Amino acid sequence: MRTRAAATIAVVLVALASASAADDAGTDLGRRIYHEGRAAGGEPVRALLGSASTPLSGSAVACGNCHGADGRGRPEGGVLPPDITWDELTKPYGHQHPSGRRHGPFDERSFARAVTEGVDPNGGRIDAAMPRYALSVSEVAALTIYLKALARERDPGVSEATIRLGTVLPDAGPAGEIGRAIRAMLRAYVGDLNERGGVHGRRLELVVAGDLEQAAKRFGEKPVFALVSPYAVGSEARLLQFAAERRLGLIGPFTLAATPDASLQTFFLLPGEADLARVLLEFAARNAGLRSQRWAALVPDPDGSTAQALRNECRRRECGGLEVLPASAALDPGAVARLMHLGIEGVLFAGSEREFAALTAAADRMGWHPSIYTPVAGLARAMTAAPPAFAGRLFGAYPMRADAPQTSAAARSFETLRRDRGLGDQHAAAQRFAYAAMAIVEEGLRQAGRDVSRERFARAVESLHRFDAGPLPPISYGPGRRVGALGGYVVAIEPQGGFKPVSDWIAIEQR
Ligand code: HEC
């Protein structure tokens with residue numbers, strides 16, 4: 001069996017090696033038409049749409065936009081762009097489409113007619129959703145060569161025997177220790193997975209860069225398939241851009257608050273402030289009678305995503321009223337007095353430590369002690385320093401809790417791995433992140449199959465539902481959902497005192 005596979009591979013290699021230089025040029029032009037809708041000179045090809053023959057720029061309707069970067073079509077939608085890899089188009093028994101249209105196998109001539117005239121091998125009309133392209137004979141030929149190669153073409157970072165993953169972790173400075181903890185966990189996971197036989201016969205390899213400059217260089221020399229659990233202190237936006245420019249999937253960036261406009265290839269593990277603020281409202285609704293209460297939100301940007309999420313949530317839940325103010329209003333005792341006179345009972349606070357201290361000091365002087373809820377993890381210390389009369393009224397929401405029970409099968413594997421590899425239990429949050437991100441990568445790769453592409457991988461990760469990634473709550477993604485564990489724990493913070501868990505995991509709905 002093994003020798004037969006080896007022989008097949010040898011034949012394929014020989015066949016590839018003997019492909020002529022003309023074919024290479026054809027593949028390049030074909031690739032450009034397919035992915036960019038541009039001709040040899042870089043100018044867009046011309047396309048016509050529908051029975052009215054509306055002219056379109058080919059760059060707006062590149063084949064890959066509809067048929068997928070891997071040519072395998074789309075599994076969902078209205079009229080489905082089918083799999084158009086060459087092997088598929090030329091299957092001897094042809095195709096029956098969901099619309100009922102039926103035709104025999106394509107050959108090079110009928111393919112040319114499909115692309116330029118919109119008819120199938122049996123002369124049937126291809127649905128008007130598929131544009132017609134003004135391509136020359138040699139351009140169609142180049143496209144054909146490319147479609148033949150496409151099924152064999154692998155995305156960067158994937159070879160016959162390995163899949164290479166990249167990560168960016170600081171090695172020095174204050175963040176270096178966390179970076180090293182993440183790296184140790186990723187290495188342990190990858191080592192263990194390879195000992196278990198890898199994924200679909202491929203070993204995983206990890207390429208670590210210390211920062212984005214190094215990553216650009218290192219991943220240039222050794223292309224990676226996806227990024228796993230990177231930690232980019234202070235350069236989060238650049239990390240997202242780095243990944244988007246290279247079409248790199250980004251799984252479980254550490255501490256990176258979920259950004260709504262992140263590329264669709266980015267999968268966060270835990271929610272950011274806007275969603276944690278919603279967790280707090282859910283908690284208040286369960287415990288404090290949200291409908292009868294008047295609320296104020298003090299946020300850095302009254303038009304930002306946290307404010308917007310709160311407005312929507314309050315409207316949906318019919319809370320007793322919501323005043324949204326910039327957090328700097330906390331520094332103005334007049335503004336604080338106004339909130340008191342409005343009868344505000346609950347304050348959602350997402351400002352700075354200084355603003356928090358000013359708010360609680362001014363309110364305390366006025367004898368006003370509303371409940372204050374914060375989605376900002378960095379405020380915990382300031383909260384413990386609040387005036388004593390706020391006892392029992394200060395709450396924070398956190399996406400992770402060290403003492404939360406970890407009972408799932410994968411959570412036990414996490415503990416075992418940590419113990420067996422002598423990783424210690426320092427930087428537990430970093431370890432959990434790294435483990436969960438790898439568990440998601442492993443599952444995504446398994447589901448994507450041996451024939452993995454970045455697109456298939458992203459689709460597989462997107463389809464995870466209540467997946468047990470180990471030491472985190474269950475992970476679910478979806479077409480519009482990029483936060484895996486959507487929810488949080490609420491903890492009461494005592495002035496001069498400690499922290500007391502006051503809720504189990506509170507799951508919230510996708511916004
Ligand atoms: C705007 C989306 C879109 C773009 C762009 C697009 N297609 Fe299509 N294509 C479709 C849809 C939808 C169908 C299926 C129509 C149907 O079922 O009748 C289709 C069908 C086809 C078919 C017929 C397959 C069959 O089995 O009948 C071929 C071949 C094809 N496309 C090739 C291409 C090529 C090559 C390009 C780029 C030059 C391209 N398409 C660009 C949407 C698109």
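This passage describes the iron site, a buried alanine and the aromatic pairs of a predicted model.

In the metal site, the iron atom of the ligand is coordinated by two side-chain atoms of the protein, NE2 of H67 and SD of M130, at 2.0 to 2.1 Å. The six donor atoms around the iron subtend angles of 88 to 180 degrees, and the arrangement is therefore octahedral. H67 and M130 come from distant parts of the chain, being 63 residues apart. H67 belongs to helix α3 (residues 63-67), whereas M130 is located in the loop between α5 (108-117) and β5 (132-134). The accessibility of each residue was also computed. H67 has a relative accessibility of 9% and is therefore classed as buried, because the term applies under 20%. M130, at 23%, counts as partly exposed.

Attention then turns to A469, which is placed in the loop between α17 (454-462) and β16 (487-493). The relative accessible area of A469 is 0%, so this residue is buried. When residues up to four places away in sequence are not counted, A469 is in contact with A410, Y435, A436, A439, I440 and I475. Between A469 and S305, which lie 164 residues apart along the chain, the C-alpha separation is 28 Å.

Aromatic residues form a further set of interactions, with 14 aromatic pairs in the structure. In one of these, F349 and F356 have ring centres 5.7 Å apart and planes at 65 degrees, so the pair is edge-to-face. F349 counts as buried, with a relative accessibility of 0%; F356 is likewise buried, its relative accessible area being 0%. An edge-to-face arrangement is also found for F414 and Y435, with 5.3 Å from centre to centre and 75 degrees between the planes. Because F414 lies in helix α15 (residues 409-420) and Y435 in helix α16 (residues 428-448), this pair ties together parts that are 21 residues apart in sequence. Both F414 and Y435 are buried. Y435 is, in addition, one of the residues touched by A469.

Ring pairs also join F283, W295, Y373 and F395 into a cluster. Finally, a charged side chain is placed over an aromatic ring: R246 lies over the face of F242, 3.7 Å from the ring centre.

Note on methods
Residues numbered from 1 in each chain as written. Predicted model: local features only at pLDDT ≥ 70, side-chain atom pairs only at ≥ 80, totals over all residues. Heavy atoms only, no water. Donors = N, O, S within 2.8 Å, 3.2 Å for Na, K, Ca; no water. Tetrahedral: all angles 85-135°; square planar, octahedral: opposite > 155°, others 65-115°. Helix = DSSP H or I, 4+ residues; strand = E, 2+ residues; numbered from the N terminus. Buried < 20%, exposed > 50% of the residue type's maximum accessible area, 1.4 Å probe, protein only. Contact = heavy atoms within 4.5 Å. Phe/Tyr/Trp six-rings, centres within 6.5 Å; stacked < 30°, edge-to-face > 60°. Lys NZ or Arg CZ within 6 Å of the ring centre and 35° of its normal.
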